[in-house]
Every structure is written in C-alpha cells, then in structure tokens.
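Subject: Structure handed over, with notes

Dear colleague,

I am passing on the structure we spoke about, and I would be glad if you could look through it with the notes below at hand.

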Amino acid sequence: MSAGAAAVGQVRRKVRVGVLATAVTGVLALLCCVGGAAAFFLTELGGDREDPKLAGLTCDPTYQVTLTGDMPRFAEYGDGQLRNAAAIIKTGQDMKVPARGWVIALATAMQESALRNLANSRVPASLALPHEGVGADHDSVGLFQQRPGWGSVEQRMTPSYAARKFYQKMVKVPNWQQRPLSVVAQRVQVSAFPDAYAKHEELAGRIVDALAGGAARTVEIAGKAVCDAAAGARIAASGWTAPLPGGVVSGFRTDARPSHDGVDLAADKRTEIHAASAGRVLVARCDPDHSGRRDCDRDGWPDKGGCGWFVDILHAGGFITRYCHMIERPRVRPGQTVAAGEVIGLSGTSGNSSGPHLHFEVHHDSDRSSRGAENPVPFMRERGAPLTGTG
Ligand SMILES: [Zn+2]
C-alpha cells in the first residue's frame, strides 16, 4: 500500500479496496495546485515583510533539578541512573545551556554508558574509584566514555565534570540547537557509531521533562527560551509536532508536480490545524487568486491560484512553516506568539485546491519564497514528529 493510499485509507476506511485504488488516483490527480501554472501559491509573496526578530518572548526558568529525594520512575532505568541523568541536567542548567542541550547530553550518555558511571578494566586507577559498572572500550571511562584528552581519570568519572566537558564542546558546534541530535552528539563524541544516538532522543526528552518540569518542551527562539504551553506527549522533545493526523497524499516537488513546494496532508473539512512548533505568526490572511480575487470564504478550484486562507509561522532557527487552504479566517493574527500544537485554523479547500486537505510547507533561512522551501517529510521525521502515513 502506498503512503498516499494509507493516508486516504484513514479517511475513507469504509470504501472497498478496489474502489479505493480508483479513488486514490483521482484524489492525487486533483488535489491542490494541479498543472502548469508556475506561481500557484502566494500570489503576493513579499508583501508581508516583517522583522523576523522575535521580541518579548519569555520563559519561566524557575524549575531547578535536584539530585536528592525521590526520582521519577522509568522502566528502562533505575534510581542511580536517573540520579546521573539529574546530574547531567543540573550541570546544563548551571551552565545556562538551553534545554535542548540537556536532551542531547542525556541521549549521548544513554548510548555511551546506559547512564552508568563506568570504570574500565584496562584503566586500573578507574577501578579504585566509585563506579557503577566496568567497560573495556579503549581507555574510556565515565558517563560519556571520555578518553584521557578530556581530563584525569578521577575528573572523567565525576558526573558533573564529565557533563561540563560535554556541554563545553557541544555549544561550539555551529547551529547545534537546529541540527539533528545524532549530528551534534557525533561532533562532540567522534563516535564510530554516529547513528546510535538518535534512538534515545524520545526517551531522553521524556526524562528531561520528568526531571525538569517539562523543560524539554522549551525551545529557543531568537536567543530567548520560549515555553511550549501545549501539554501532552504529542510534542516531541525537539519542540515539533505534526500539524494534523492525516498522512501525505501528495509529495514535495514530485516529477508530476516539480513546483509543488510542500506536501498535501489528508484532512476533511474543519479539521483542526496545529502550529508545528512554537513561534511567531508572520502572516495570516487570504491570498488573492490569479485574478486578484480575495474570495477565500468559498471553495476554490484547480488553477484558480493562491493559497486561500493561510498562515506563515516563524520558528527557532529561522524556519518557517506554511498552512494553506483553510476554510475560514485563521484563528491567529500576525505578530501573535503561538505554542507548539496550538490550533491556528481549520482545514478547507480555499484557493488553488480541488478538495479539502492541508498544504504544508517548511522553509529555512527565514526565506518565505520557493528558494527557502524544503521537503517537510524528512524535516519532521528528524524532529521526532513524523507526518503519519509517510512510510
Ligand atoms: Zn499542495
């Protein structure tokens, strides 16, 4: 079953399979922005120039991690391991490293030592120090399996010291807050198995949330920490969430639609659309069609042109997300700050569209034009918030 079929299947479960195949072909051919019109979206792109600097966003960083008292319970790790996790987080707090860094440090220590302060059978001095297990990898010791260049044996087996050294190197990785966890961890650790870190990201985020009062849901925007007020596990530790549950029914810049700068997500009319991450609304209005009409309160059609009722949101790291074809005026206003997961509008089929769905775009470098667009499927997957049905 193709990704598109799976997604449509969610919506039309009752349709028999044979009929479905025909229906899918029809839907895929007809969804928004069919055909050759070159500039089918954002007929007035550039008319909303805004200072991308985000002012006035604050977070309440009052929650302090403590290393004593009861630890939260996790099936995967025991009390001592969680106390090491708390030490790693507290060191990050003391150094004023943003919460995203705590998740990266934790996932790294989960991979390197399973959060145990390891001695090494080849390093006799390490066996004489307090330890929670014995490894044998080169001459590495401690939570982060650091080698002699990082400090003395005793220093590397002191959790706060080991974490401090990790953070000091991590914050020097360019754009570390915007890059995938495995890339940042690999830059610091120079591990032989760089892909091994990513699998710990989700649990690391939950442990940080449990130990630090939801701090993993804090994201950094323009140098300021922003609390993600949206509760619930839907929000990944990266601070991102899928805008709605429907899967991808039409892809990014496919052979058939090379200038389709986003993906189409299956959605019936009036499905709630959620901000994919915390940020600030840049644009929320009706995009005129090719004839200059601003009639977004009615259903559109293929080749009509325009994005319909739509919203652009600026996020940490200069990323912008776009949500098109809403059924009515968006629920947010330009300049407004939104939390990850906050409802910004309802799906529809306004503008250049032949049926209800959400057209979703991701842009980088604060570039709202086609040049800044990238494929939302890998982008969202790397942030632990995959667009479902994408396979
Ligand atoms: Zn589309």
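What follows is an account of the chain as a whole, then of its cores, its helix packing and two loop positions.

Please keep in mind throughout that this is a predicted model. The protein chain has 10 helices and 14 strands, and buried residues make up 51% of its 391 residues. Among the contacts between residues at least 6 apart in sequence, 65% join residues that are at least 24 apart.

The largest nonpolar core has 44 residues, and those with the most contacts inside it are Leu 265, Val 311, Ile 313, Tyr 323 and Val 338. At least two residues of this core come from each of the strands β5 (248-250), β6 (263-266), β8 (279-287), β9 (308-314), β10 (320-326), β12 (343-346) and β13 (357-363). If residues up to four places away in sequence are left aside, Tyr 323 touches Pro 243, Ile 273, Phe 310, Val 311, Ile 344, Gly 345, Leu 358 and Phe 360. There is also a second, separate core of 38 residues, which includes Met 110, Leu 143, Val 184 and Ile 207. As a general background to both, nonpolar side chains tend to be buried together in soluble globular proteins.

Val 184 also belongs to the buried residues of helix α8, a helix spanning residues 181-189 that is mostly covered, with seven of its nine residues buried. Those seven are Leu 181, Ser 182, Val 184, Ala 185, Gln 186, Val 188 and Gln 189, and what covers them includes α4 (99-113), α7 (159-170) and α9 (201-211). Just after α8, Val 190 takes a positive phi of about 50°.

Two helix pairs may be worth your attention. The first is α4 with α8, which pack at an angle of about 65° with their axes 10 Å apart; the two helices are therefore roughly perpendicular to each other, and their crossing is right-handed. Ile 104, Ala 107 and Thr 108 of α4 make this contact with Leu 181, Val 184, Ala 185 and Gln 189 of α8, and the residues involved divide into five nonpolar, two polar and no charged.

The second pair is helix α3 (residues 79-94) with α7, packed at an angle of about 50° with their axes 9 Å apart, and these two are therefore oblique to each other. Here too α3 passes α7 in a right-handed crossing. On the α3 side the contact involves Asn 84, Ala 87, Ile 88, Thr 91 and Gly 92, which meet Pro 159, Ser 160, Ala 163, Arg 164 and Tyr 167 in α7; these residues divide into five nonpolar, four polar and one charged.

Finally, there are two loop positions to mention. Asp 303 is placed in the loop between β8 and β9, and it counts as partly exposed because it has 15 C-beta neighbours inside 10 Å. Asp 303 and His 290 are 13 residues apart in sequence and, C-alpha to C-alpha, 8.4 Å apart in space. Ser 369 lies in the loop between β13 and β14 (373-374), and with 11 C-beta neighbours inside 10 Å it counts as exposed. Ser 369 is 108 residues from Asp 261 in sequence, while their C-alpha atoms are 9.5 Å apart in space.

With best wishes

Methods. Residues numbered from 1 in each chain as written. Predicted model: local features only at pLDDT ≥ 70, side-chain atom pairs only at ≥ 80, totals over all residues. Core = buried A, V, L, I, M, F, W, Y, C linked by C-beta atoms within 7 Å. Buried ≥ 20, exposed ≤ 12 C-beta atoms within 10 Å, placed from the backbone. Helix = DSSP H or I, 4+ residues; strand = E, 2+ residues; numbered from the N terminus. Contact = placed C-beta atoms within 7 Å. Axes fitted to C-alpha atoms, helices over the stretch in contact; angles between N-to-C directions. Parallel < 35°, antiparallel > 145°, perpendicular 65-115°, else oblique. Left-handed = near helix turned anticlockwise from the far one by under 90°. Nonpolar A, V, L, I, M, F, W, Y, C, P; charged D, E, K, R; others polar.
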